[in-house]
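Here is a friendly walk through one protein chain. Have a look at the view below, and then we will go through it together.

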Amino acid sequence: MDLHAQPQRSSWPSSPSLRIAEALQSLFSAISCPQDELTAAHSLCFSPDGTQLFCGFNRTVRVFSTSRPGRDCEVRATFAKKQGQSGIISCIAFSPAQPLYACGSYGRSLGLYAWDDGSSLALLGGHQGGITHLCFHPDGNRFFSGARKDAELLCWDLRQPGHPLWSLSREVTTNQRIYFDLDPTGQFLVSGSTSGAISVWDTSGAADDGKPEPVLSFLPQKDCTNGVSLHPSLPLLATASGQRVFPEPTDSGDEREQEPDLPLLSMRNVHLECRLQLWWCGGGPDSSITDDHQNEKGQGGTEGRGAELI
């Protein structure tokens, strides 16, 4: 990721590369016992080899074989006999280098489990809210976790799992899931926030400081940035914005002069920006770009001009 990025021209193919499937290929059904009713999964994750689909439920992870659709699955309880990881399993992530996976729970705990049989390896705690997202470092030894209504992103080292290695500060003041992502090299970590600001940290030198500061921060819009994703091979950053908003009470003023049709609630002062944006994060400027395109910027300011809207 080049932190001195310039805008580049985007050309979309005439035929989209992503198409909606015309037919349902496989159907996996989770049936609760003893009610014998369909149960919705709260999280999903494919195994690294793609042969299994891991699904998070309340105190349970169900494992489906991708080669055998249907109801048959392996049920792995995360909480039994008043021990283990309680709560809804809200996110799952696999280590890229070791045969294990991590589960985050709305019960504010993190669990490490063996891939082959689901046996518990460690139970971690440190967040103030329910875990909403997990991400492993490419080296397989570290992983990151974020939670709702929690202002910290925590870094964990599997070689010393007893306590967080260090933490990063971000603004998360609601129950909304705020995503973060690592670039393919694992050097830079990008996160959104409730305020809308996108922050970038350099994780390569973070071990020397307990709370590293962002090397880049910019405000793409004035609404919450809930999703961020880095392209696996190109210097592109995708961001999603928007959040649930509620109408505010109408300012009625003098009750004697109140209009009879004046609504009690209004969305007049609510600022909502639901956007999906792509940002170019590398290389030098393209001489073929027009002046109007180079002047195109996201709303708000930037520190360091590390990304430009395509």
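Is Asp-157 buried or exposed? Asp-157 is buried, with a relative accessible area of 8%. Please keep in mind that this is a predicted model.

## The chain as a whole

The protein chain has 310 residues, and 41% of them count as buried. Its secondary structure consists of 27 strands and one helix.

Looking at contacts between residues at least 6 apart in sequence, 50% join residues at least 24 apart. The chain exposes about 17300 Å² of surface, and carbon and sulfur atoms supply 50% of that area.

## Charged pairs

Side chains of opposite charge can pair when their charged atoms come close. You will find five salt bridges in the structure.

Let us return to Asp-157, which forms a salt bridge with Arg-159; the closest N and O atoms are 3.0 Å apart. The two partners sit in contrasting surroundings: Arg-159 counts as exposed because its relative accessibility of 57% is over 50%, while Asp-157 is buried because its 8% is under 20%.

Another of the salt bridges links Glu-74 and Arg-76, with 3.0 Å between the closest N and O atoms. Here the acidic partner, Glu-74, counts as partly exposed at 35% relative accessibility, whereas Arg-76 counts as buried at 5%.

Glu-273 and Arg-275 also form a salt bridge, and their closest N and O atoms are 3.0 Å apart. In this pair Glu-273 is buried, with a relative accessible area of 7%, and Arg-275 is partly exposed at 30%.

## A four-stranded sheet

Strands of a sheet pair through backbone hydrogen bonds, either parallel or antiparallel. Which kind of pairing is found in the sheet β13-β14-β15-β16? The pairing is antiparallel, and the four strands, in that order, form an open sheet. At its edges lie β13 (131-136) and β16 (166-169), each of which pairs on one side only. On average, neighbouring strands of this sheet are turned by 20 degrees against each other, direction ignored.

How many bridges join strand β15 to β16? Four bridges do so, and the two strands run antiparallel. If you would like one pair to look for in the view, try Cys-155, whose bridge partner in β16 is Trp-166. Strand β15 covers residues 152-157, so the buried Asp-157 from the opening question belongs to this strand too.

Key. Residues numbered from 1 in each chain as written. Predicted model: local features only at pLDDT ≥ 70, side-chain atom pairs only at ≥ 80, totals over all residues. Heavy atoms only, no water. Buried < 20%, exposed > 50% of the residue type's maximum accessible area, 1.4 Å probe, protein only. Contact = heavy atoms within 4.5 Å. Areas by Shrake-Rupley, 256 points an atom, 1.4 Å probe, with all protein chains shown as cover. Salt bridge = Lys/Arg side-chain N within 4 Å of Asp/Glu carboxyl O. Pairing = 2+ DSSP bridges. Axes fitted to C-alpha atoms, helices over the stretch in contact; angles between N-to-C directions.
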